[in-house]
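Here are a few exercises to work through at your own pace. Have a look at the structure, try each task, and then compare your reasoning with the solution below it.

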Amino acid sequence: MSDLIETHSGRRARLAARCRGVCEAPVFSVAVISVILLNAVLLGVETYSGLSLAYAVPLHAAERFCVAAFSVEMLIRLGAYADRPKAFFRDPWNVFDLLVVSSAFIPFLRENATLLRLLRLARVLRTARFMPQLRVLLVAVGRSLPGTVSFLFVGALILYVYAVIGWISFADHDPAHYGSLGRAGLTLFLLMTLEGLGDAVHAGLAVSPFSIIYYASYVLLASFVLVNVLIGVVLNALEEAREMEREAHRAERAGPDPRPDAPDPGRVATQDADDLLLRIAAVRSALDDMEARLAPANAAPPVTTEPAPAGVVSAGAR
C-alpha cells in the first residue's frame, strides 16, 4: 500500500515538474500574451457592426481558438500544482484566471451576450500576470482603497461645508453656480481642478472683497492638501505592493525542488519522525537490558544458617 502511495506521489511530482517547466518558459508567456491581445482585438472588431457581419465566421472561429488556448493554459497551470493543489488557490491571480477562463463554459453566462463580452474584456486584465510592473500597480490600487475611502470622506466633508458657505454668500448674486446646495457642490468640485478659478474669484470680488479668503482657503485645502494626502496614500500602497511582489518572488524561488525525483517534504518529515521513534524504542530496550544485568550484581548476598557438624563444640560451651 505504501509503495502504491509513493508511486502515485512520484507521478504527481513528475507531472508538476514538467508543467512548471512549461509555465516558466519564456515562449509560454509570449504565447499567452499574444492570445490575450488577439482576444482584445477581436472584441474591438466586434464593436463595428459592418466588420462583425462581414467576417462573422472567422471571428467566431478565432474566439473559439482563444477559448481553447486559454483552457489549455489553465490546465497546464493546474498541472504545475499537482503535487500541492492547495497552493494554487492561495495565489489570487490563479483564482482570477480560473474564474475568467471557466466562465466561458457556464451555460447562463455563455448565452448572455453582454456578460460574455464583459468576461472577455476581463481577459485583457490577465496581461498583468505576465507584466510585473502592471501587477504591482494593480495591487497598489487595491491596497490604497481603504486610505482612499478616508480621503473621500474628508473631501466630501470639506466640499459640503464650503458648498453651504457658498450658497449662503453667493446664492442671490450668482444663482447659476450657487443657487442650491447641489449647484454649489458641483461648482466647487470643478474648482478643485483649478478650472475656471479666475472667473469665480472675479465674480466673488464683485460681491465682497472677503470672498478671496473663501476661495483661497478652499483651493489650499481641496487642491493642495487633499491631493497631496491622496498621493501619499497611493505611494505608500505602491511601496507595500512592491514589497509583497519581492516576498512572493523570494518565496517562489525558495519553493519546492522542481526535480521529478525530489522527495515530498511532508513524507520526509513523517519518515524522520518514525525513525526517531524507532531509535527511542531501541534506546529504551537497551536500558532495560542493562538494568536487568546490573540487578544481580548490586543485590546483597543471602545469609545462610546451616547447623554445625556433630563433634564441633563452640568455645562458649566449654
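**Exercise 1. Is arginine 20 buried or exposed, and what does its side chain meet?**

Step 1. This is a predicted model, so we work with computed values. Arginine 20 has a relative accessibility of 10%. The cut-off for buried is under 20%, and arginine 20 therefore counts as buried.

Step 2. Now look for a carboxylate partner. The side chain of arginine 20 meets that of aspartate 83 in a salt bridge, at 3.6 Å from N to O.

Step 3. Place both partners in the chain. Arginine 20 belongs to helix H1 (residues 2-23), while aspartate 83 lies in the loop between helix H4 (56-79) and helix H5 (85-88), so the pair ties together parts that are 63 residues apart in sequence.

**Exercise 2. Which residues are linked with Asp83 in a network of salt bridges?**

Step 1. Start from the bridge between aspartate 83 and arginine 20.

Step 2. Check the sequence neighbour. Aspartate 83 and arginine 84 also meet through their side chains in a salt bridge, with 4.0 Å from N to O.

Step 3. Put the two together: Arg20, Asp83 and Arg84 form a linked network of salt bridges.

Step 4. Compare the surroundings. Aspartate 83 is partly exposed at 28% relative accessibility, and arginine 84 is partly exposed at 29%, whereas arginine 20 is buried at 10%.

**Exercise 3. Describe the setting of arginine 77: its helix, its salt-bridge partner and its contacts.**

Step 1. Arginine 77 sits in helix H4, and its relative accessible area of 9% makes it buried.

Step 2. Its salt-bridge partner is glutamate 73, with the closest N and O atoms 3.0 Å apart. Glutamate 73 is buried too, at 3%.

Step 3. Consider the spacing. The two residues are four apart in helix H4, which puts about one helical turn between glutamate 73 and arginine 77. In general, an α-helix has 3.6 residues a turn, so residues three or four places apart point the same way.

Step 4. Leaving out residues up to four places away in sequence, arginine 77 touches Cys23, Phe28, Phe88, Arg129 and Phe130.

Step 5. As a tally, the model has three salt bridges.

**Exercise 4. How many disulfides does the model have?**

Step 1. Two cysteine sulfur atoms would need to be within 2.5 Å.

Step 2. Take cysteine 23, a contact of arginine 77. Its nearest cysteine sulfur belongs to cysteine 19 and is 6.6 Å away, and cysteine 23 is in no disulfide.

Step 3. The count for the model is zero disulfides.

Step 4. Add the burial: cysteine 23 is buried at 15% relative accessible area, and cysteine 66 is buried at 0%.

**Exercise 5. Where do the buried residues of helix H13 fall, seen down its axis?**

Step 1. List the buried residues of H13 (residues 181-191): Ala184, Gly185, Thr187, Leu188 and Leu191.

Step 2. Viewed down the axis of H13, these residues fall within an arc of 160°, so they line one face of the helix.

Step 3. Turn to the other side of H13, where Gly182 and Leu186 are exposed.

**Exercise 6. Which stretches call for caution?**

Step 1. Begin with the overall confidence: the mean pLDDT is 77, and 81% of the residues reach 70 or more.

Step 2. Residues 256-266 stay under 50 in pLDDT, and the model gives them 10 contacts beyond four places in sequence.

Step 3. Residues 308-318 are also below 50, with zero contacts beyond near neighbours in sequence.

How values were computed. Residues numbered from 1 in each chain as written. Predicted model: local features only at pLDDT ≥ 70, side-chain atom pairs only at ≥ 80, totals over all residues. Heavy atoms only, no water. Buried < 20%, exposed > 50% of the residue type's maximum accessible area, 1.4 Å probe, protein only. Arc of directions from axis to C-beta. pLDDT = per-residue confidence, 0-100. Contact = heavy atoms within 4.5 Å.
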